[in-house]
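Trainee: I would like to learn how to read the features of a model. Please take me through them one by one.

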Amino acid sequence: MKRLLLLVPFMLSFLFSVAQKDKGPEFEVFEGTSICDTVWLRPTIPSTYPGGSNEMYDFLFHNMENSDRLQSYISGKKMVVRLTVTEKGEIVEKKVLREVEPSLTADVLQAVDKFPLLKPAHEKGKDVCSYFLLLVNFK
């Protein structure tokens with residue numbers, strides 16, 4: 001019985017270490033291809049829009065021109081845009097990961113261009129470059 005009790009903590013620690021390894025890399029390293037040399041995928045504190053998500057989506061939808069015209073076509077669809085945010089909070093790159101409609105994509109990207117500086121991500125007490133996923137649900 002004592003052997004079994006000693007084996008349980010060992011097995012749990014092994015399983016925990018395997019689970020930690022499966023999370024993938026914490027950051028991507030770029031060599032001269034990006035404004036940021038290192039972009040964190042999962043920083044300890046992610047970047048955020050000043051005022052929070054609700055304010056970000058209010059700003060986004062108030063700054064889009066074609067959303068009313070396309071409302072019936074896009075209802076229930078989702079768009080995903082990956083933003084690269086610098087340690088200063090500037091959005092330096094935008095990549096559309098899931099598109100809904102080309103003219104709507106252009107509207108969303110133009111509205112993102114008007115965003116204020118985001119609050120940068122933090123890792124180990126320092127501001128860092130990170131990815132920010134913008135998920136846009138059209139209802």
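Mentor: Begin with the naming of elements. Helices and strands are DSSP runs, at least four residues for a helix and at least two for a strand, and they are numbered from the N terminus. Keep in mind that this model is predicted. With that numbering, E65 can be placed in the loop between α2 (53-62) and α3 (71-74).

Trainee: How many helices and strands are there in the protein chain?

Mentor: The protein chain has four helices and seven strands. Their order along the sequence is α-β-β-α-α-β-β-α-β-β-β.

Trainee: Back to E65, then. Is E65 buried or exposed?

Mentor: Buried means under 20% relative accessible area, and exposed means over 50%. E65 has a relative accessibility of 62%, so E65 counts as exposed. For the protein chain as a whole, buried residues make up 31% of the 139 residues.

Trainee: Which residue, 41 residues apart from E65 along the chain, has a C-alpha atom separated from that of E65 by 9.8 Å?

Mentor: That residue is A106. Reading such a pair takes two numbers, the separation along the chain and the distance between C-alpha atoms. L134 and L83 can be read in this way: they are 51 residues apart along the chain, and their C-alpha atoms are separated by 7.3 Å. L134 is in strand β7, and L134 is buried because its relative accessible area is 0%.

Trainee: Where does K139 lie?

Mentor: K139 is in the segment after β7. The C-alpha atoms of K139 and K77 are separated by 7.5 Å, with their positions 62 residues apart along the chain. K139 has 78% relative accessibility and therefore counts as exposed.

Trainee: Now covalent links. How many disulfides does a search of the whole structure find?

Mentor: The general idea is that a disulfide is a covalent bond between the sulfur atoms of two cysteines. In this structure the search finds one disulfide. The cysteines are C36 and C129, with an S to S distance of 2.1 Å. C36 sits in the loop between β1 (27-29) and β2 (38-40), and C129 in the loop between β6 (126-128) and β7 (130-137), so the definition of the elements lets us say that distant parts of the chain are linked, 93 residues apart.

Trainee: Why is the disulfide of C36 and C129 called left-handed?

Mentor: Look at the torsion about the S-S bond. For C36 and C129 it is about -75°, and therefore the disulfide is left-handed. C36 counts as buried because its relative accessibility is 2%. C129, at 3%, counts as buried.

Trainee: And charged pairs. Which side chains meet in a salt bridge?

Mentor: Side chains of opposite charge can pair when their charged atoms come close. The structure holds one salt bridge, and the side chains in it are those of K94 and D113, at 2.6 Å from N to O. K94 belongs to strand β4 (residues 91-98) and D113 to helix α4 (residues 102-113), so the pair ties together parts 19 residues apart in sequence. K94 counts as partly exposed because its relative accessibility is 37%, whereas D113, at 52%, counts as exposed.

Trainee: Which residues gather in a patch of negative charge on the surface?

Mentor: They are D37, E87, E90 and D127. Of these, take D37 as the case to inspect: D37 is in the loop between β1 and β2, and its relative accessibility of 52% is why D37 counts as exposed.

Trainee: Which residues make the nonpolar surface patch?

Mentor: L97, L133 and L135 make a nonpolar surface patch of about 280 Å². L135 lies in strand β7 and is partly exposed, because its relative accessible area is 43%.

Trainee: One last feature, the backbone angle phi. What is the phi of K124?

Mentor: Most residues other than glycine have a negative phi. K124 is not a glycine, yet it has a positive phi of about 55°. The place of K124 is the loop between β5 (121-123) and β6. With 74% relative accessibility, K124 counts as exposed.

Terms used
Residues numbered from 1 in each chain as written. Predicted model: local features only at pLDDT ≥ 70, side-chain atom pairs only at ≥ 80, totals over all residues. Heavy atoms only, no water. Disulfide = S-S within 2.5 Å. Buried < 20%, exposed > 50% of the residue type's maximum accessible area, 1.4 Å probe, protein only. Patch = residues over 30% accessible without salt bridge, like charges linked within 9 Å, V, L, I, M, F, W, Y side chains within 5 Å. Areas by Shrake-Rupley, 256 points an atom, 1.4 Å probe, with all protein chains shown as cover. Salt bridge = Lys/Arg side-chain N within 4 Å of Asp/Glu carboxyl O. Lys, Arg positive; Asp, Glu negative; His and termini not counted. Charge placed at Lys NZ, Arg CZ, Asp CG, Glu CD.
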